[in-house]
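Q: Please take a close look at one part of this structure and describe, in connected form, how its elements are arranged. I would also welcome remarks on other places that merit inspection.

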Amino acid sequence: MIYGTAEMIDKVRRLLADVETEVVEYKSAKNNFDSDDLGKYFSALSNEANLRHADAGWLLFGVRNNRTICGTGYRKENHVPSIGLRNLKREITLNTNNGMTFEEIYELEMDGHRVIVFQIPPATFATPTTWHGIPWSRENESLVQMPQFKLEAIYSQSRPDWSRQIAYDATIDDLDPDAIRFACDEYVKKYAPTQKAAENLSGEEILAKIGLLIHDHVTNAALVLLGKPESTVFLGGVGPRITWTLYSSSGEVSSYEHFEPPFLLQVDKVLAKIRNEKYRFFTDPSTLFPEVAQRYSPEIIRELLHNAIAHQDYRLSGKINVLEYEDHLVFLNEGSFIPGSIDAALAPGYKPPYYRNALLAKAMSKVGMIDQNAIGIRSVFDIQRERRLPLPTYDLSQPSRVSVTIFGTIIDEKYSQLLATYPDLDLQSVVLLDMVQKEQPITKDQAKDLRSRGLVEGRYPRLTISSSVAKALGKQKEYVRSKGLDNQICKALILQLLGSRPSTRIEILTAIRHALPAGLSEQQQANKVSYLLQTLRKQGKIRSDGATSSAKWHIRQDS
């Protein structure tokens, strides 16, 4: 889509009001900008637009990182200003694959400053955009050569979904009747409140709506979730299996058991094999009474097991392993870790670029086994944190295997006491403290931040959790004031205010100013509030009665 000048100015205003994403980049470019870096940004923003299903990537010159307009002199010519920019399209074409270039370049006058907007098309289907033969991508605010998991995400666009393939020799009689009944019950339970007709559907109609039957044909996903054990013969040599193995304190195998499809009915049987005894532990130093809980949260076990089923690369002919040791569990499944890193998976708003078994994942979501909003991993971290136990450890050292360790005992009592005393500690800090208690390396900057807040002590890299919880909490209060409260808390404050009365943006800023980071300028505070309002509006929770700064914001009555 090519925009007119007025439309483009409005588009830029909306980009500036929104949070920076992986498909938008701001550069001051006061007088010039390196041509090679421009090509790298073209590649990166094109690839990110493809992965995020955006209609374009956007590179803005004349805008600072804080999204304030400063103006640019890039390729400005006194007599014919557009010639230099027109040549730029051809220059980019010479060094990209498939002759890719800017969809359009806009030269705008905004707030008395010259702004250039580059509209970058998404990478073409199944082909990453390269610059001088190298595909680039964004990593927070940095440019990096495209990591393997993102390359796989784009290449996989031409790769068929194994779980969606039809097992033509199989029929519905090869599915387990109890598994069919259970799947149908779960579907009706989930959808009947919004789809009244769901209760009147036949079993085959429900399986078709779940996606496990396509034009009355049985899919590979159906055989994995609902198939009789002997039905795996129709999977062309693939043999889905879950194996539970129990190890003694000396590391010897004490017992094991294999579980064949239907996996829908097997997960609770795997859960029943795990010796989930009661565990007594102290987290509050001021009491002599311990807390009593199961070693492992059943919700965590189900979450990790269901994720392994959904993301297993069945084409590798491996099995899903659940290894039980004296004080921890290990979940192993075959296939690369789609987010690429655990930091990416825990990032707020993370969405997976693709699903390895898209139909299987969708079907599991429809029967309540997994959440397709990509919050499963984060919920596992949150549950362990609330239990004040060590966080999950992800071992991604083998490119085609994911290993997750869940601990059922405390490693360092000081870590648990800190979480018990200060439950609102941000997740990033909790992850770093967990790495410290496990003696895993963190960076010097991360250590410096934790030490400044009184959370760790000792000389780098031999750090330990702070021995004084009171000292840590005192410094933590100073830190929260300087950093501001979490966005979720700020949004809750806005909703509470609008619930009592409609308010303008300035009134909202005045009401929540105490919750914003202390070091922000007036303009930065205004930008922050604008971002929070736009986020709530996109979520359908609030609306405005105009587009000016004096417009009143209201709670949506239908939210």
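A: Contact here means that heavy atoms lie within 4.5 Å of one another. The model is a predicted one, and the part chosen is an open sheet of 6 strands. Read across the sheet, the strands follow the order 11-10-14-15-17-16, and their pairing is mixed. In general, the strands of a sheet are joined through backbone hydrogen bonds, in either a parallel or an antiparallel manner. At the edges of this sheet stand strand 11 (253-259) and strand 16 (393-395), each of which pairs on one side only. From one strand to the next, the twist averages 15°.

One pairing within the sheet can be followed in detail. Strand 15 (residues 328-334) and strand 17 (residues 401-407) are paired in the antiparallel sense, over 7 bridges. Leu-332 is placed opposite Ser-403 of strand 17.

A helix also belongs to this picture. Helix 8 (residues 263-273) lies across strand 10 (242-247), strand 11 and strand 14 (320-324). Relative to strand 11, helix 8 runs at about 165°.

A pair of helices further along the chain may be examined next. Helix 13 (residues 413-421) packs with helix 14 (residues 427-437) at an angle of about 165°, and their axes are 10 Å apart. Helix 13 is therefore roughly antiparallel to helix 14, because an angle over 145 degrees counts as such. The crossing of helix 13 past helix 14 is right-handed. Helix 13 contributes Tyr-415, Leu-418 and Leu-419 to the contact, while helix 14 contributes Val-430, Leu-433, Asp-434 and Gln-437. Sorted by class, this contact holds 5 nonpolar, 1 polar and 1 charged residues.

Two individual residues complete the account. Asn-50 is located in helix 2 (residues 35-51). Because its relative accessible area is 9%, Asn-50 is buried. Leaving aside residues up to four places away in sequence, Asn-50 touches Pro-122, Ala-123, Thr-124, Ile-154 and Gln-157. Lys-189, by contrast, is found in helix 5 (residues 177-191), and its relative accessibility is 57%, so Lys-189 counts as exposed. Although Lys-189 and Gly-368 are 179 residues apart along the chain, their C-alpha atoms are separated by 9.4 Å.

Key. Residues are numbered from 1 along each chain as its sequence is written. This is a predicted model: local features need pLDDT of at least 70, side-chain atom pairs count only at pLDDT 80 or more; totals for chains, interfaces and linings use all residues. Side-chain values use heavy atoms; hydrogens and water are left out. Axes are lines fitted to C-alpha atoms, for helices over the stretch in contact, and angles run from 0 to 180 degrees between N-to-C directions. Helices (H or I, at least four residues) and strands (E, at least two) are DSSP runs, numbered from the N terminus. Angles under 35 degrees count as roughly parallel, over 145 as roughly antiparallel, 65 to 115 as roughly perpendicular and the rest as oblique. A crossing is left-handed if the near helix is turned anticlockwise from the far one by less than a right angle, and right-handed if clockwise. Ala, Val, Leu, Ile, Met, Phe, Trp, Tyr, Cys and Pro count as nonpolar, Asp, Glu, Lys and Arg as charged, and the others, Gly among them, as polar. Two strands pair if DSSP finds at least two bridges between them. Buried means under 20% relative accessible area, exposed over 50%, partly exposed in between (1.4 Å probe, protein chains only).
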